[in-house]
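Trainee: I'd like to learn how to read the places where chains meet. Could you walk me through one example?

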Amino acid sequence: MRRYWFSILIVLLAAGGIGTYYLIGIRGHLPEYIIETVQGDTKEGAAVVLSGSHYGAMRSEPLDVTTEGSNYLGRNLHLRERLADAGTWFYQDLNIQQLLKDHKAFMRGKNNSGGFYRDAEMVIYAELSTSTRHTNAPYAKLELSMLDEETGKVATFKSIALDEPEQIYNIMNVQRLDNEVHILFRKYESHTSNLAVYAFDSGTGKQLRRIDLKNQLKSKATEYNLNLIANESVSKPSDLIYFTYSEGSEALNRKNYAYSYRTGKLSELSETLWGPDIGGFFTYSLQQDQFYYAEIAPDEVVLSLYHTKTKARKRAYATVTAKQLGVDEIQSAQIQKDRVYLGLEKAGVKGAAVLRLEDGKLLFEGFAVQASGNGQTDEEMKRRLHLNNLVIEHKLKD
Amino acid sequence: MNRYLKLVHMEIYRFRIVLLVLMGITALCQMSALIWMLKKALSDLRGEHPEAGAYFSPIPLRISFEWAMFNTQMWFIIPVLLCISVLSLYVFFIWYRDWIGRNAFIYRLLMLPTARRNIYLAKITALLLFVLSIVSFQLALLPVLELVIRLVVPAELRADSHIIDIISSNQALVELIPRQFEQFFYMYGAGAVIVAAVFTAILLERSYRRLGILYGLLYLSGCGLVVASPILLFGTNESVIYLYPTEIYLMLLLLFLLVASASVWLGMRLIAKKITV
Amino acid sequence: MIEVTGIRKRYRGRDVLNDVSFTAEKGELTCLIGVNGAGKSTILKLIMGLTPLTGGTIRIDGQALEPKLYEKIAFVPDHLTMPSGMRLSEALRFMADFYESWNEKRADELMRFFQLEHSARIGSLSKGIAAKFNLLLGFAQDSDYLLLDEPFSGIDLFSREAITEVFTSDLMEHRGVLLTTHEIGEMEHLVDKAVLLKGGKVSLSFHCEEMRSEKGKSVIDVMREVYGA
């Protein structure tokens, strides 16, 4: 046994060195942080993610801080997590998460969020066929998949020819109207692009008609930008869709347009969705026929609502000030679903607040602090922790 | 089991000098480079011989291992590259050394009253042990070098570094020693699968001689195709992938397992039935 | 009994051996005779499983070859097959480690008999001394069968005498010995059975005692007939 000492030593070295490193050596590398609830219900703050970096002596480490703790992204470098990471933006949408849960098989290989439509009866997905991508054949072929929620049957129409195949199509929005599927495309041709709505028969997949939006614009300007105002969730039914319009590179003559899938008419709105008296930075959320918008200033956030159908406006129905929140600055705001998320800063420390969209009531307020036992002074923490972004990540509740 | 262990010991024993020399060169090279850099930095801090632009990053107020590592990287990387080259060559030499010359030791090995697969298993075990022990040696060397810094640099000019930061400052070590054990397992596991496949290719050559070289190359290409099949099937630019990420992960795992078992099975069969002296 | 039946060996497209059959009994010394390249070494390697058979069967005491049998059958190739950096003592320990049938006492006796140094390195041995050690590695195993490939090639006269002495000792009493050699002359009185190979087949196989008493021919006489020299 004695003469095997060298081999035994090698085995011990091999296991010991690596084992010690991964069990003990890697501990205590980076300080842990957490969002501490100062007011309200911690559960309301569950979707809040303060994202940024931690500055070390010679390098910075990206990290996310939530109400559950901190997560350093430099750690997530292994294969399983790297694969799972791909396409997280797509998976963020709660409706997509719900679709994945309900119809896992149908959702395979579908990742264009603008191509989804869902109502109580059906799920529709539209995608441009990629099979001709690397050939010289015409690019523009449409593929439509329709899932009947009740029976689970799927009808697929592949290779629906589009009438101007030499142009590049992009799917912006999908809607279902009785037995028709309407798709809003952006079509690129040399250096210009145009929006057009195509209607297809949902029984046969044949193209029924085409409506070019540019023909219905009031102004005949040649250089203009017509952009879809995205709905809160791209896959919900909504008969009306809205656009921003401006002319030229200096964005003059700003207007909003509304298009009705049912009538096929594009009409200019007498006033923009956010009204004429908007000032400074604002963010909005179009939720079906309700257009919420929030004006952000360092000292206050003002919430307003515009009903697109009734045209009633509830201007500044709620105001939340930095003083009320006890912070130095309100730095950002996002409206998602029925909540308003604010990014805050107090004495060099970042935090977040969650308001109820309906009335601006404060539901949660929290700030990033060191998790217990870190050993950093507050000064050091302020120097090292730079959480500059507020990201909202929803997880589907089971 | 007993004879397998004895064979492993024999393989380790045969390689012991090379192993010790590699470790020695690594220790010597890294230690001297570190000491030289520290002395230079100290004298510059004390304002003795200022040399503009002599460092990759300016001298901090307090010298840390992290900083020293960043500036002496090359001298740390050279012995690492040496170890990698020697071990890579030994993947082949561990077999071919038994055939060289008239004193062909392979006769003895093939006539041992133990299952032939133990020869295969002993060689792959030994090789893996060599790789892991050198990695461990490098890891164990770092605290020793930290001690050297303590001896050379006085406390008021010194700052501590965490071992992860030290490793992250070195372009080679940061790749070879991942932060998470799971990634370490994937990396070195994949390496072990590659070694198993190469061993099988070597045994194909040793069993079929000239035709065997062709078989060996074909076999390795086959293994490569199997493992790369997800990329080939789905394409790198294609956005339409019909598998969810977890499924792709499991698929890759399965493919590697497949290549590993095929290689080991084939290798053991070749050495038992087809090998020729 | 070592039973070789209808074996074929194909090498580089050529049939080196084509239907070779013979037996070697325990307690007898069987000699494989043939011209250079006739395949004598190949037959021994095939019996030892050092190269694969193209066809035919080989049975040792009725069993097909498997690793366990290496305890029972020892092979002394035509050159020493130990690494040159190894010392003789290490080589002996290697054998002791792996073979239960290794007889350490006999190994020591033979070391003294052949006047070999434990601390010498394999690579530094002269041809004659290396050959002696090579034989020792075969003799010191308590095997039932001993295969030797050209045990006398390149050995000086006096060493040959020493080796021949070992063959006649009780070391060989109950063993089956199968060897190949060119130096049939000095071995003739030891050989019990001769197997003559020609053209990849067994041309003739006989017991020497019978051949001498019945036909009055020596092995060399028969060789001249078969190979026509």
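Trainee: Let's begin with the rings. Which residues form one aromatic cluster here?

Mentor: Keep in mind that this is a predicted model. The cluster is made up of Tyr21(A), Tyr22(A), Phe181(B), Phe184(B) and Tyr188(B), so look for rings that pair with centres within 6.5 Å. Over all chains, the structure holds 33 aromatic pairs.

Trainee: How do I describe a single pair?

Mentor: In general, you give the distance of the ring centres and the angle of the planes. Take Phe116(A) and Tyr125(A): their centres are 4.6 Å apart and their planes make 45°, a tilted pair. Tilted is the word because the angle is neither under 30 degrees nor over 60.

Trainee: Are Phe116(A) and Tyr125(A) buried or exposed?

Mentor: Buried means under 20% relative accessible area. Phe116(A) has 0%, so it counts as buried. Tyr125(A) has 3%, so it is buried as well.

Trainee: What about Tyr186(B) and Tyr249(B): what kind of aromatic pair do they form?

Mentor: An edge-to-face one, with 6.0 Å from centre to centre and 75° between the planes. Tyr186(B) sits in helix H8 of chain B and Tyr249(B) in helix H9 of chain B, so the pair ties together parts 63 residues apart in sequence. Both Tyr186(B) and Tyr249(B) are buried.

Trainee: Now the interfaces. How do people say how big one is?

Mentor: Often by the accessible area lost when the parts come together. For chain B and chain A, that is about 4000 Å², and carbon and sulfur atoms give 62% of it. In chain B, the residues that lose the most area to chain A are His9(B), Arg179(B) and Tyr244(B), which together make up 18% of what that side buries.

Trainee: And how many residues of each chain are in contact there?

Mentor: There are 47 from chain B and 44 from chain A.

Trainee: How many salt bridges cross between chain B and chain A?

Mentor: The rule finds four. In one that you can look up, Arg179(B) joins Glu61(A), with the closest N and O atoms 2.8 Å apart. There are also 14 residue pairs in polar contact across this interface, both partners at pLDDT 80 or more.

Trainee: Which parts of chain B should I look at on that side?

Mentor: Several helices of chain B give two or more residues to the side touching chain A, among them H1 (2–45), H5 (117–152) and H8 (181–234). By class, that side has 28 nonpolar, 11 polar and eight charged residues.

Trainee: Let me try chain B and chain C. How much area do they bury between them?

Mentor: About 2500 Å², with 58% of it on carbon and sulfur atoms. The contact takes 24 residues from chain B and 29 from chain C.

Trainee: What links do I find between chain B and chain C?

Mentor: Two salt bridges, plus 10 residue pairs in polar contact, both partners at pLDDT 80 or more. For a salt bridge, check Arg3(B) and Glu100(C), whose side chains meet at 3.9 Å, N to O. That counts because the cut-off is within 4 Å.

Trainee: Which element of chain B gives the most to the side touching chain C?

Mentor: H1(B), with five residues. H1, helix H4 (106–110) and H9 of chain B each supply at least two. The class count for that side is 13 nonpolar, three polar and eight charged residues.

Terms used:
Residues are numbered from 1 along each chain as its sequence is written. Chains are lettered from A and ligands numbered from 1 in the order in which they are written. This is a predicted model: local features need pLDDT of at least 70, side-chain atom pairs count only at pLDDT 80 or more; totals for chains, interfaces and linings use all residues. Side-chain values use heavy atoms; hydrogens and water are left out. Contact means heavy atoms within 4.5 Å. Buried area is the accessible area (1.4 Å probe) that two parts lose on being put together, summed over both. A polar contact is a pair of N or O atoms within 3.5 Å; within protein, one must be able to donate a hydrogen and the other to accept it, and residues adjacent in sequence count only if both atoms are side-chain atoms. Helices (H or I, at least four residues) and strands (E, at least two) are DSSP runs, numbered from the N terminus. Ala, Val, Leu, Ile, Met, Phe, Trp, Tyr, Cys and Pro count as nonpolar, Asp, Glu, Lys and Arg as charged, and the others, Gly among them, as polar. Buried means under 20% relative accessible area, exposed over 50%, partly exposed in between (1.4 Å probe, protein chains only).
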